[in-house]
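Thank you all for coming; I would like to spend a few minutes on how the helices and the sheet are put together in the model on the screen. Please keep the picture in view while I talk.

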Amino acid sequence: MVLDKDTAKKTAELLLQINAIKLSPENPFSWASGWKAPIYCDNRVLLSYPTIRNYIREEMAKQAEQLYGKPDIIAGVATGAIGIGALVADFLGLPFIYVRPEAKSHGRRNQIEGKLEANQTVVVIEDLISTGKSSLNAVDALEAEGANVKGMLAVFTYGFQVADQNFKDKEVTLHTLSDYEYLMEQALETRYINEQQMNTLLDWRKRPAEWKQ
């Protein structure tokens with residue numbers, strides 16, 4: 001769910017501007033999942049643009065506090081949200097931890113890196129939501145260590161129904177700076193795509209696993 005419409009539109013504009021999100025209906029991308037998709041998102045790119053990363057940092061920090069109150073700790077989901085999460089924690093003057101997909105096979109065998117104590121309140125930061133499984137895996141890891149997860153805030157979501165259902169089933173609140181609808185609106189408004197291309201992108205979002213060009 002998007003909290004602020006102006007922020008959602010501005011975020012979509014910036015992500016398109018720096019090619020953190022690429023739209024290519026005619027030449028689809030191949031995702032690691034095996035899906036063919038007319039869109040590819042890598043929000044880690046924003047870390048290379050100081051003005052944009054500062055905007056994202058401040059908007060995420062503001063919304064995190066507005067939505068969930070000031071937590072004890074900010075947690076980033078590895079690897080994509082480590083940098084963004086650290087920026088948010090720094091802006092709020094809070095400790096930062098990050099959560100691996102699974103525990104290391106060596107050393108201290110940590111899944112959570114950093115200092116976390118039982119019953120501390122945590123806001124989880126993500127860069128991108130697709131199905132939500134890896135994000136919710138991080139929530140499970142935090143709760144297994146006794147954390148009180150207040151909710152999650154991400155830069156962008158594709159808005160898949162499966163993700164909505166996964167978050168609902170886990171009873172985890174998710175908000176994002178921007179989403180697929182605002183991206184389509186901004187891409188069309190700036191003539192990044194035409195109406196035919198937008199229809200292709202909207203069709204893909206309805207059935208991403210079965211979609212073919």
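**Helix packing and the sheet**

H1 passes H2 in a left-handed crossing, where left-handed means that the near helix is turned anticlockwise from the far one by less than a right angle, and right-handed that it is turned clockwise. On the H1 side the contact is made by Thr7, Lys10, Thr11, Leu14 and Gln17, and on the H2 side by Ile52, Tyr55, Ile56, Glu59 and Gln63, contact being heavy atoms within 4.5 Å. Those residues divide into four nonpolar, four polar and two charged; here Ala, Val, Leu, Ile, Met, Phe, Trp, Tyr, Cys and Pro count as nonpolar, Asp, Glu, Lys and Arg as charged, and the others, Gly among them, as polar.

Before going on, I should say that this is a predicted model, in which local features need pLDDT of at least 70 and side-chain atom pairs count only at pLDDT 80 or more, while totals for chains, interfaces and linings use all residues. Residues are numbered from 1 along each chain as its sequence is written, and side-chain values use heavy atoms, with hydrogens and water left out. Helices (H or I, at least four residues) and strands (E, at least two) are DSSP runs, numbered from the N terminus.

To return to the first pair, helix H1 (residues 5–17) and H2 pack at an angle of about 150 degrees with their axes 11 Å apart, the axes being lines fitted to C-alpha atoms, for helices over the stretch in contact, and the angles running from 0 to 180 degrees between N-to-C directions. H1 and H2 are therefore roughly antiparallel to each other, on a scale where angles under 35 degrees count as roughly parallel, over 145 as roughly antiparallel, 65 to 115 as roughly perpendicular and the rest as oblique.

H1 also meets helix H6 (residues 180–189), and here the axes come within 9 Å and cross at roughly 60 degrees, so H1 and H6 are oblique to each other. In this case the crossing is right-handed, and the contact involves Lys5, Ala8, Lys9, Ala12, Glu13 and Leu16 of H1 together with Tyr182, Leu183, Glu185, Gln186, Ala187 and Glu189 of H6. By class, that contact has six nonpolar, one polar and five charged residues.

H2 (residues 50–68) has a contact with helix H3 (residues 82–92) as well, their axes coming within 9 Å and crossing at roughly 65 degrees, and this crossing is right-handed. Arg53, Arg57, Glu58, Met60, Ala61 and Glu65 of H2 face Ile84, Leu87, Val88, Asp90, Phe91 and Leu92 of H3 in the contact, which has seven nonpolar, no polar and five charged residues.

Now to the sheet: in what order do the six strands lie? They form an open sheet in the order E7-E6-E5-E8-E9-E10, with mixed pairing, where two strands pair if DSSP finds at least two bridges between them. Strand E7 (112–113) and strand E10 (174–179) are the edge strands, each pairing on one side only. Strand E5 (residues 73–77) and strand E8 (residues 121–129) run parallel and are joined by four bridges, and Gly76 has Ile125 in E8 as its bridge partner. Helix H4 (residues 133–144) packs on the sheet, touching E5, strand E6 (96–99), E7, E8 and strand E9 (148–157), and its direction makes about 165 degrees with that of E8.

Finally, two local backbone features deserve a look. A cis peptide bond, with omega about -5 degrees, joins Ala78 and Thr79, and Thr79 is found in the loop between E5 and H3. Asn19, which is not a glycine, has a positive phi of about 60 degrees and is found in the loop between H1 and strand E1 (21–23).
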